[in-house]
Structures are given as structure tokens and as C-alpha cells.
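Visitor: I would like a quick tour of this protein. Please take my questions one at a time.

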Amino acid sequence: MSPSTLRPATVAVTAGRPPHEPDQPLNVPITMTSTYVATGELEYGRFGNPTWTAFEDALGALEGGRALAFASGMAAVTTLLDLVGQGSSVIAPRHAYNGTVSALADAEARGRLRANLVDITDTDAVVRAMHDDEDCAFLWLESPTNPALEVADIETLSAAARELGIQVVVDNTFATPLLQQPLSLGADIVLHSATKYIAGHSDVLMGALVLTNDEAYDALKARRALAGSTPGPFETWLALRGLRTLHVRLERASANAVELARRLAEHPAVEEVRYPGFGAIVAPVLAGGADAGDFLVRATSLWVHATSLGGVESTFERRRRWKLEPQTIPEGLVRLSVGIEDVEDLWEDLRQALDRIDA
């Protein structure tokens, strides 16, 4: 079968494999080296690694572009921002991954760029912001946003940005390439914290960028090598192993999330449930505010109080415990990263805690 005709679940399992030849390993081995024999294509460990190549081939095939692996999601974020010209601006969601917002604020404080934070759900207002800003280099999107779970109209915004010569970056960490492929919607660059759903087992720190423009790819690859923001071979091998099961993990976690969102909406301690209708992140807003949220994360035995997400285990946290979280995020919002456990056990653990909240 032609690779171009394969469905995403099959691509996740098969892409980036060695050729099907006698005595070839089924999996790409971990290449543990910093140094190569000279005069080849690699030369040195910052420039390339066969383990990276296998991971990049697999993720690129899923997203429909060419992938670059990074040491972390933040390494990918800051590498992109390093390419923004002095004095240019970036339009980004007011609710977004805390690390991205912090990186934008840091660059702005140093006079490197200007950050214009917008309500990404107001498509007309975002388009106006792009028209009003002659120095805009990037329209930076998250969809769904972290942690508010707002959804952007990627296709419409990408089309408007293209007319103005603005590059569109989409953080696809929450949706993953199985639920959303931003490049096919007109985006220029896709960003992943591969730490999350791609690797999927809470044991890897990695990031990735995916794009189709060869010139931009070469610039980002060169910047990765110059900054030394490259992943370790072992971490990359683990991320690729995790990617192989993304489809089954996401299917189970998403089914759990749909059911939990429904039940949470019916509980009197819950004021609002934010869920975009896909994916495995659910954000209930508790009627009792910060105190209720803090109680909830202390009162369970299965759910783990942790700041990361996308693993096989269910984790949660009250996001406003972080001082840099926007004030427009409700105090009682608890971000749930729903795992692959039995949904009845997950609900029972949440319910017994919610029942004890004095809303």
C-alpha cells in the first residue's frame, strides 16, 4: 500500500520504521553518539541523529509536513521567537500555555518584540488586529487554548494572515495530529510539546515543530543546532515509542473525557464545564472558587495533582495557583487531563470529593 493512502492510526504505527528486509530491526535503534566519522552528512551530534530522523519522519507524516525535534516544547517556542525580527510583533491568545505567554512577556520586556494578546475566539477582532499591525510577524494560535479550552477558527484566520504576509503558528499539543491537522487548514508551522500526548507516558521532556516550507525548515534546523536545543537520543526513542500508541490512548482518554464532562455538568458543586467536544482535556469551574478547587485536588486517590498532562494517568490542577496565569481564568477552574483508566473509577474518585465540597 502507498503511504499516502494510509489512515492516521496506521501511519502512527508504521512511519519512521526501518525497511522490511531480512535481519533489519523492527524498531529504529537508539543511536547513542555525539560524534560521527567525518565527511558524511551528520558530522556532529548537534546536527543530526538517526533516532531523531525516525521520530521526525513519523510525526511529519501525521501532520503532513517536515518535523524537527527539540529538547522541550519551550525550546521549540523560543527557537521560533528567536526568528522574529527586532521590533516586530506577535499576536497570540490571551489564554495560552503559560510558558508561551511568559516567553512573549520576557522578549517584550527586553525590547525584542511586542506581544498583542487577543481573544482568539473573536475571529473578526483577530483579523482586525492583524490589519492594524503592520509589524506583525506571527499569528500564534492555540486551539483548544490552555487552560480555557477555547477554539479558534484556524482556517479563516490562516487565510486572512496569508493575505497580509503573516506567518501562522498553531500549538497543536491538546488536539494532536489525530484530531486536527493545522497545516491542511492553512497554518505555516505546527508546534507540539511532545512531552504530552505524543510521548504519552509522563517520562519524556521534548518538543517539535512541523512545517512545509523548505526555507523556513532550514532556518529553524540551523537555529536548533546553533542554540543546542536538541533532544537526547533516548528521549527521542521513548517519544517515538509513545507515538506508536497515540491513537489507542487518545481514543480511550477522549471517550472518558466525554463521559466525565457530562457527569460533571450535572453535579451541584460545578458551575460550568469547559469542553470543546473533542480531546481529553476537561475544565470544570467549581462554584466554590479557589477553596473548592484546592480541596478537590487534595481529596482524591486516583487523580494525581500535577501540572503536566497527556499521560496515560489522569492528572489535574487548579490553574490559578500559578501567579502568572491570567486573571481572566476563573479561580475555580480545574484542568483535568483525563487518562485511560476505567471511567467509572475516575468518576467515583471525583464524585466522592465533589460531594464533600461546601459549594
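Visitor: Among contacts with a separation of 6 or more, what share comes from residues 24 or more positions apart?

Guide: This is a predicted model. Contacts in the protein with a separation of 6 or more are the basis here. Residues 24 or more positions apart account for a share of 68%.

Visitor: What radius of gyration does the protein have, and what would a compact globule have?

Guide: The chain has 359 residues, so a compact globule would have a radius of gyration near 21 Å. The C-alpha trace spans about 70 × 55 × 35 Å along its principal axes. The protein agrees with the globule value, at 21 Å.

Visitor: How many helices and strands are there, and what percentage of the residues count as buried?

Guide: The secondary structure comes to twelve helices and twelve strands. The accessible surface is about 15,700 Å², with 52% of that belonging to carbon and sulfur atoms. Of the 359 residues, the buried portion is 52%.

Visitor: Which element gives the most to the largest nonpolar core?

Guide: The largest nonpolar core has 38 residues, and Phe55, Leu59, Tyr197, Ile198, Met206 and Leu243 have the most contacts inside it. Elements giving two or more residues include H1, strand E1 (66-70), strand E7 (207-211) and helix H10 (246-265). The top contributor, with five residues, is H2.

Visitor: What does Phe55 touch, leaving out residues up to four places away in sequence?

Guide: Phe55 is one of the residues with the most contacts inside the largest core. Its partners include Ile198 and Met206, which are also on that list. Together with those two, Phe55 touches Ala69, Ala194, Ala208, Thr236, Ala239 and Leu240.

Visitor: How many residues does the other core have?

Guide: This core lies apart from the largest one. Among its residues are Leu264, Leu296, Ala299 and Phe316. The count is 24 residues.

Visitor: Is Ala257 buried or exposed?

Guide: Ala257 lies in helix H10. Ala257 touches Tyr275, Gly279, Ala280, Val282 and Val338, not counting residues up to four places away in sequence. Its relative accessible area is 0%, and buried means under 20%. Ala257 is therefore buried.

Visitor: Which residues form a nonpolar patch on the surface with Ile30?

Guide: Ile30 lies in the loop between helix H1 (8-14) and helix H2 (50-63). Ile30 is partly exposed, with a relative accessible area of 30%. The patch has about 290 Å² of accessible area together. The partners of Ile30 in this patch are Met32 and Phe234.

Technical notes
Residues are numbered from 1 along each chain as its sequence is written. This is a predicted model: local features need pLDDT of at least 70, side-chain atom pairs count only at pLDDT 80 or more; totals for chains, interfaces and linings use all residues. Side-chain values use heavy atoms; hydrogens and water are left out. Patches are made of residues with over 30% relative accessible area and no salt bridge: like charges are joined within 9 Å, nonpolar side chains (Val, Leu, Ile, Met, Phe, Trp, Tyr) within 5 Å. Accessible areas come from the Shrake-Rupley method with a 1.4 Å probe; for residues, only the protein chains shown count as cover. A salt bridge is a side-chain nitrogen of Lys or Arg within 4 Å of a carboxyl oxygen of Asp or Glu. Helices (H or I, at least four residues) and strands (E, at least two) are DSSP runs, numbered from the N terminus. Buried means under 20% relative accessible area, exposed over 50%, partly exposed in between (1.4 Å probe, protein chains only). A nonpolar core is a set of buried Ala, Val, Leu, Ile, Met, Phe, Trp, Tyr and Cys residues joined through side-chain atoms within 4.5 Å. Contact means heavy atoms within 4.5 Å. The radius of gyration is taken over C-alpha atoms; the globule rule is 2.2 Å times the number of residues to the power 0.38.
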